[in-house]
Every structure is written in structure tokens, then in C-alpha cells.
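Please look over the sequence and the fold shown here before reading on. The report then takes up the chain, its sheet, its aromatic rings and its charged side chains in turn.

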Amino acid sequence: MGPTPGYHLAGKPQYCSLRLVAFLLIILLFVFFGAGVLSPRMLMLGTRQEGAGEAAGKPISLHVVTLPRMVYPQPKVLTPSKDVLVLTPWLAPIVWEGTFNIDILNEQFRVQNVTIGLTVFAIKKYMVFLKLFLETAEEHFMVGHKVNYYVFTDRPADVPRVPLRGGRRLLVLEVPGAARWQDVSMRRMEMIGSFCAQRFLREVDFLVCADVDMRFRDHVGVEILSQLFGTLHPGFYGAAREAFTYERRPQSRAHIPRDQGDFYYMGAFFGGSVAEVHRLTTACHQAMMADWANGIEAVWHDESHLNRYLLDHKPTKVLSPEYMWDEQLLGWPAIMKKLRYVAVPKDHQEIRHR
């Protein structure tokens with residue numbers, strides 16, 4: 001039997017027409033999805049505004065900077081320190097000697113043209129420490145960068161004249177004295193917070209808050225700078241949290257239970273961006289005022305409130321005890337490669353009660 005007459009005469013043209021339509025649809029889909037949807041470049045180009053020209057193709061949020069060529073060792077990802085913790089559980093670096101390249105960091109911060117503020121309180125007899133503090137800061141603190149020294153004092157006429165490097169200024173801020181050294185310590189938070197709002201926010205990019213009865217013994221530079229940093233207390237960096245001298249009374253706003261706490265931070269060296277330091281000092285001052293209204297004073301005053309704050313607001317960088325040490329009390333253990341900011345020998349009773 002021969003083929004069905006209708007198959008060749010009618011079926012074949014219909015089949016060819018369907019194939020042609022399908023082929024055209026595939027081409028259209030390829031053009032639409034391939035060129036218009038699947039290509040991120042086409043999407044990006046499509047978002048340009050008409051008339052934007054060549055400038056529209058350049059990143060507008062990045063500042064292109066040409067840096068001098070530097071030669072430095074390749075970072076070794078798989079060789080972390082085997083004797084000290086270098087990263088907190090919340091991924092904040094802990095700064096020890098050997099964990100940073102200061103040449104790279106200096107170049108980064110010079111490009112940003114930052115100015116660092118250093119606050120220090122020289123109240124009553126503590127004025128005796130100011131000259132050594134400033135002289136050693138000029139030798140070791142933020143060398144090569146712009147610095148404003150903010151000296152809070154009740155004795156402005158006694159502020160020593162210390163030769164300063166270019167780009168560095170000493171500004172005296174007169175404040176009232178206090179009957180007790182504890183009051184000076186606690187009012188520090190109030191005064192730093194107040195001056196942050198009044199002028200520091202306009203004058204500097206970062207603020208470092210330090211005690212005056214110390215001296216800089218080795219390099220302390222931009223490796224410490226971060227949004228918010230605290231310094232490990234040299235007496236507790238190897239201790240269990242139960243041994244920390246936190247405020248343990250629940251009635252205080254500084255209270256930290258024995259089963260809580262990351263580190264014990266020293267009140268003598270902390271800082272960060274001016275905005276973050278403003279938040280920290282304001283919160284600590286408000287907490288101290290709440291305690292005062294309830295007839296309670298935290299065991300270590302502003303330091304107790306600092307520790308409570310840094311437990312709730314994790315610092316973005318932590319400084320090792322290299323940045324806060326007392327060689328007279330603690331010697332020089334092998335784990336400390338450098339002693340950078342150290343206590344000056346003194347008679348605490350004689351100084352505090354003078």
C-alpha cells in the first residue's frame with residue numbers, strides 16, 4: 001500500500017512551520033535572556049543615566065591613590081601565633097608584636113590624613129608626671145602622624161613646655177580639681193564625653209584616652225587604631241574570669257556576674273573613633289550617675305563601668321599587655337616581646353592624697 005495521500009501534501013508543510021516558529025522563539029529568548037538578563041555587565045550599563053559619559057563607568061565611591069612601591073613579606077595565612085591568642089571569638093584582632101606590619105599601616109593612615117587626639121588628666125599632684133609623659137609620647141606615640149595632645153588640668157600655668165614635632169599640638173583644657181582621686185577618675189568620663197561633643201568630633205579622627213602617670217617606652221602607633229579598642233589588664237590577662245575584679249554587686253550598673261566576661265580591660269588606655277568614644281564615655285557617666293543616685297560606687301570606679309560597657313559593646317580591636325605594663329610589679333616575662341606603655345614608679349598614697 002502506498003503512502004497516505006494527505007501526509008505528503010498537507011502534513012509536511014505544517015511540521016516545517018512549527019519548527020520555524022520554535023526556532024524563532026529560541027532565538028528571541030536567547031537574545032532577551034542572554035544579553036539583557038544573564039549579563040551583569042549589560043545590567044550595569046543599562047543603569048547608567050543618559051549623558052553621563054565616561055565618568056559613569058568609573059567607581060564613584062572609591063578614591064584612587066597611587067602609593068610608593070613597598071617590599072614586604074607575603075602574609076602567611078597558615079602560620080598563626082602558637083603561644084598567644086591573636087583573635088577574639090568575635091573576630092577582633094588582639095595586637096601583639098609580630099601581628100602587624102607598621103610600614104603598611106602607616107601608609108594607609110597617611111593616605112587618610114588622620115589626626116589622632118590623646119587625652120590626659122594632670123590634676124593636682126599628678127602634674128608631676130606630665131613632662132615625662134609628653135616627652136616620651138613625642139618619641140614613641142604616633143610618630144609621623146598629626147597629633148593633638150589634650151591636657152585636662154586644674155593647673156594650666158604649670159603645664160610644661162615640651163618641643164613638639166611638626167603637625168602636633170598641645171591644647172590645655174582647664175577643669176576643676178576634686179577632693180578625692182576617685183572623683184577625678186570618675187569625672188574623666190563626663191569631661192571626655194562633653195569635650196567630644198564640643199570640639200573633638202570636629203578636630204580629630206581618633207581619640208586615645210590615657211593615664212598621665214605612665215611613660216611611652218617603645219613604639220605605639222596606628223596599629224592600635226580602630227572604631228573601639230580596649231587594653232588587657234597586665235594583672236589579669238592570664239586569669240580566669242572568676243578572678244577578675246569586676247563589680248560583683250547586682251545593685252550597681254557596672255555589675256558583671258561571675259560566669260560572664262571576656263577579658264579584664266585597663267581603664268588607663270582605651271579609645272577609638274571620636275563618635276565611639278563619645279558613646280562609651282557618655283554611657284559610663286550615665287551609669288555612674290545612676291549608681292550615685294542609688295548610693296553605690298563601683299569597686300574600681302570608671303574602670304568597672306568601662307568593663308561593663310566593653311562586655312556589652314565588644315571592642316573592634318584589643319591591645320595586648322604590651323600596651324599597659326608595670327615592670328616593677330610584674331617583671332618582664334618572655335611572652336612580652338616589647339613593653340610599649342609602662343607605669344612610672346611612684347608612691348600611690350603620697351600622690352593620691354596630696
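What follows is a description of this structure, which is a predicted model.

## The chain as a whole

In this predicted model, the chain is made up of 354 residues, of which 42% count as buried, and its secondary structure comprises 9 helices and 10 strands. The exposed area of the chain comes to about 20,300 Å², and carbon and sulfur atoms supply 59% of that area.

Contacts across the sequence can be described in a similar way: when the contacts counted are those between residues at least 6 apart in sequence, 75% of them join residues at least 24 apart.

## The open sheet

An open sheet is formed by 8 strands, which follow the order 1-9-7-8-5-2-3-4 with mixed pairing. Strand 1 (94-95) and strand 4 (168-174) stand at the edges with a single partner strand each, so that one side of each of these strands is left without a neighbour in the sheet.

Strand 8 (residues 269-273) is mostly covered, with 5 of its 5 residues buried, and it has pairings with strand 5 and with strand 7 that can be followed residue by residue. Strand 5 (residues 206-210) pairs with strand 8 in the antiparallel sense over 5 bridges, and within this pairing Leu-207 has Gly-272 of strand 8 as its bridge partner. Strand 7 (residues 228-231) also runs antiparallel to strand 8, to which it is joined by 2 bridges, and here Leu-228 stands opposite Gly-272. Strand 7 pairs in addition with strand 9 (residues 317-319), in this case in the parallel sense and over 3 bridges, with Phe-229 standing opposite Lys-317 of strand 9.

## Aromatic rings

A search of the whole structure finds 20 aromatic pairs. One of them is formed by Phe-152 and Phe-200, whose rings meet edge-to-face at 6.5 Å centre to centre, with 85 degrees between the planes. Because Phe-152 belongs to strand 3 (residues 146-153) and Phe-200 to helix 5, this pair ties together parts that are 48 residues apart in sequence. Phe-152 counts as buried at 0% relative accessibility, and Phe-200 likewise counts as buried at 0%.

One aromatic cluster is formed by Phe-133, Phe-141, Phe-216, Phe-229, Phe-269 and Tyr-341. Another ring, that of Trp-90, has the charged end of Lys-314 over it, at 5.0 Å from the ring centre.

## Surroundings of Thr-136

Thr-136 has its place in helix 4 (residues 130-140) and, with a relative accessibility of 8%, counts as buried. If neighbours within four places in sequence are left aside, Thr-136 is in contact with Phe-141, Arg-215 and Phe-216; of these residues, Phe-141 and Phe-216 are also members of the aromatic cluster.

## Salt bridges

Side chains of opposite charge can pair when their charged atoms come close, and the structure holds 15 salt bridges. In one of them Arg-155 is joined to Asp-158, with the closest N and O atoms 2.9 Å apart. The relative accessible area of Arg-155 is 32%, so this residue is partly exposed, and Asp-158, with a relative accessible area of 41%, is also partly exposed.

A further salt bridge brings together the side chains of Arg-199 and Glu-203, at 3.1 Å from N to O. Both of these residues lie in helix 5 (residues 181-203), where they are 4 residues apart, about one turn of the helix; Glu-203 counts as partly exposed at 26% relative accessibility. The side chains of Glu-247 and Arg-249 likewise meet in a salt bridge, at 2.8 Å from N to O, but here the two partners fall into separate classes of exposure, since Glu-247 is buried, with a relative accessible area of 2%, whereas Arg-249 counts as partly exposed at 36% relative accessibility. Beyond these pairs, Glu-97, Glu-322 and Arg-340 are linked in a network of salt bridges.

Key
Residues numbered from 1 in each chain as written. Predicted model: local features only at pLDDT ≥ 70, side-chain atom pairs only at ≥ 80, totals over all residues. Heavy atoms only, no water. Buried < 20%, exposed > 50% of the residue type's maximum accessible area, 1.4 Å probe, protein only. Contact = heavy atoms within 4.5 Å. Salt bridge = Lys/Arg side-chain N within 4 Å of Asp/Glu carboxyl O. Areas by Shrake-Rupley, 256 points an atom, 1.4 Å probe, with all protein chains shown as cover. Pairing = 2+ DSSP bridges. Phe/Tyr/Trp six-rings, centres within 6.5 Å; stacked < 30°, edge-to-face > 60°. Lys NZ or Arg CZ within 6 Å of the ring centre and 35° of its normal.
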